[in-house]
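User: I would like to learn how to read the ligand site and the open and closed spaces of a protein model. Could we work through one example together?

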Amino acid sequence: MAHTKKKIGLIGGGQIGGNLALLAVQKQLGDVVLYDIPAAEGMVKGKALDINQLSAVDGYDCRVTGTTDWKDVAGSDVVIITAGVPRKPGMSREDLLDVNLKIMRDVAANIKQHCPNAFVINVANPLDAMVFALQKISGLPKNMVVGMAGVLDTSRFKCFVAEALGSSIRDVEALVLGGHGDDMVPLVRHSTVGGVPLTQLIAKDKLDAIIDRTRKGGAELVALYKTGSAYFAPAASSIAMAESYLLDRKRVLPAAALLEGQYGINGYFFGVPVQIGAGGVEKIVEVELNEAEKAELNKSFDSVKKTVEGVKL
Ligand code: LMR
């Protein structure tokens, strides 16, 4: 029988990279290659060794390799990019544009050379601009390049709703659209708990506070951690996307995908619901929005557009 074990390349061996490796192994998605630059060799080799030793406890048959050589990443089925600098308290994600673009240029060129058939998920910030640069530099097909943010932002929103109601998170259905910034659009009108609209369950002032906390969810963690940004939830969110691709689950998940006229946007990556399956981004789903929601989405798009205009390829 042909060997069908998948290969997952993780670019960046920091906190998110380590958690991605752990989750990929625990979900037995495939063998993992954890890459970072030579200065971080000990970190990626150490994390790989540590996770491989953990895998004996529960009997996971996926292996992690720590490397500083792109040749080891070659042929990955999925690549997740977390390489880059996180923001510090008081900074915006946009402040990272220049420093992270420099890193992305190198990463995207290597992906083009070594992983031309991969489904590539970008996590680096400013997210919507970085995924734009990634696709332009790598030249990978538009359906094979996405940004991870909507799953994370939606997960935060759901978490705060469940906390406010004291209800199970399983019954919360919600959606956050737009760019990964302070203008993101939690779609209250489309959100429910156990099928009941959120607006019937939570008073307006409480709901507004939840929306605000969701929009600033990343900054809240940056302020707490002080030397880095969130890593557990971003890793879980990225793995949900990778899993949907690798297992052809065809889940509909919010992600930054290249829009070509949908939502009135052309040529930009922007957070909208997409179907992810073996064909990568197989479908872009258009949500019917009222005038107020459209206005909020346009505001979010204006912010993304402004950042992307600063991208010098
Ligand atoms: C997040 O939302 O947690 C990430 O984008 C990191 C950040 O800087 O907020």
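Analyst: Let us begin with the make-up of the ligand shell, in what is a predicted model. Sorted by class, the shell around the ligand consists of three nonpolar, four polar and three charged residues.

User: Which residues are around the ligand?

Analyst: A residue belongs to this shell if one of its heavy atoms lies within 4 Å of the ligand. Here the shell is formed by Arg87, Arg93, Asn125, Leu152, Arg156, His180, Gly218, Val222, Ser229 and Ala230. Two helices, H6 (150-165) and H9 (217-225), each contribute at least two of the shell residues.

User: How should I read the polar contacts, and what distance separates an oxygen atom of the ligand from the side chain of Arg87?

Analyst: The cut-off for such a contact is a pair of N or O atoms within 3.5 Å. For Arg87, a side-chain N or O atom is 2.6 Å from a ligand oxygen. Asn125 places a polar side-chain atom 2.7 Å from an oxygen atom of the ligand, and for Arg156 the corresponding distance is 2.7 Å. As for burial, the ligand on its own has 260 Å² of accessible area, of which the protein covers 94%.

User: In which pocket does the ligand sit?

Analyst: The ligand sits in the largest pocket, which holds about 780 Å³ of space. Its lining comprises 42 residues, and those nearest the centre are Ile16, Thr82, Gly84, Pro86 and Ser229. Helices H1 (15-26), H4, H6 and H9 are the elements that give two or more residues to this lining, with H4 providing the largest share, four residues. By class, the lining of the largest pocket divides into 23 nonpolar, 14 polar and five charged residues.

User: What lines the second largest pocket?

Analyst: The second largest pocket, with about 450 Å³ of space, has 19 lining residues; Val151, Ser155, Lys158, Arg251 and Leu253 lie nearest its centre. H10 (232-246) gives the most to this lining, five residues, while H6 and strand E12 (251-260) each supply at least two. The classes are twelve nonpolar, three polar and four charged.

User: How does a cavity differ from a pocket, and how many cavities of 30 Å³ or more does the structure hold?

Analyst: A pocket is open, whereas a probe placed in a cavity cannot get out. The structure holds one cavity of 30 Å³ or more, with about 30 Å³ of space. Residues lining this largest cavity include Ile81, Ala83, Met104 and Met130. H4 (residues 97-114) gives the most to that lining, four residues. Seven of the lining residues are nonpolar, two are polar and none is charged.

Note on methods. Residues numbered from 1 in each chain as written. Predicted model: local features only at pLDDT ≥ 70, side-chain atom pairs only at ≥ 80, totals over all residues. Heavy atoms only, no water. Polar contact = N/O pair within 3.5 Å; in protein donor to acceptor, adjacent residues only side chain to side chain. Areas by Shrake-Rupley, 256 points an atom, 1.4 Å probe, with all protein chains shown as cover. 1 Å grid on protein atoms, 1.4 Å probe; cavity = no way out; pocket = protein on both sides within 12 Å on 5 of 7 lines; lining within 4 Å. Sits in = over half its atoms within 2 Å of the grid points. Nonpolar A, V, L, I, M, F, W, Y, C, P; charged D, E, K, R; others polar. Points joined across faces, edges and corners; volume = space filled by probe spheres on them.
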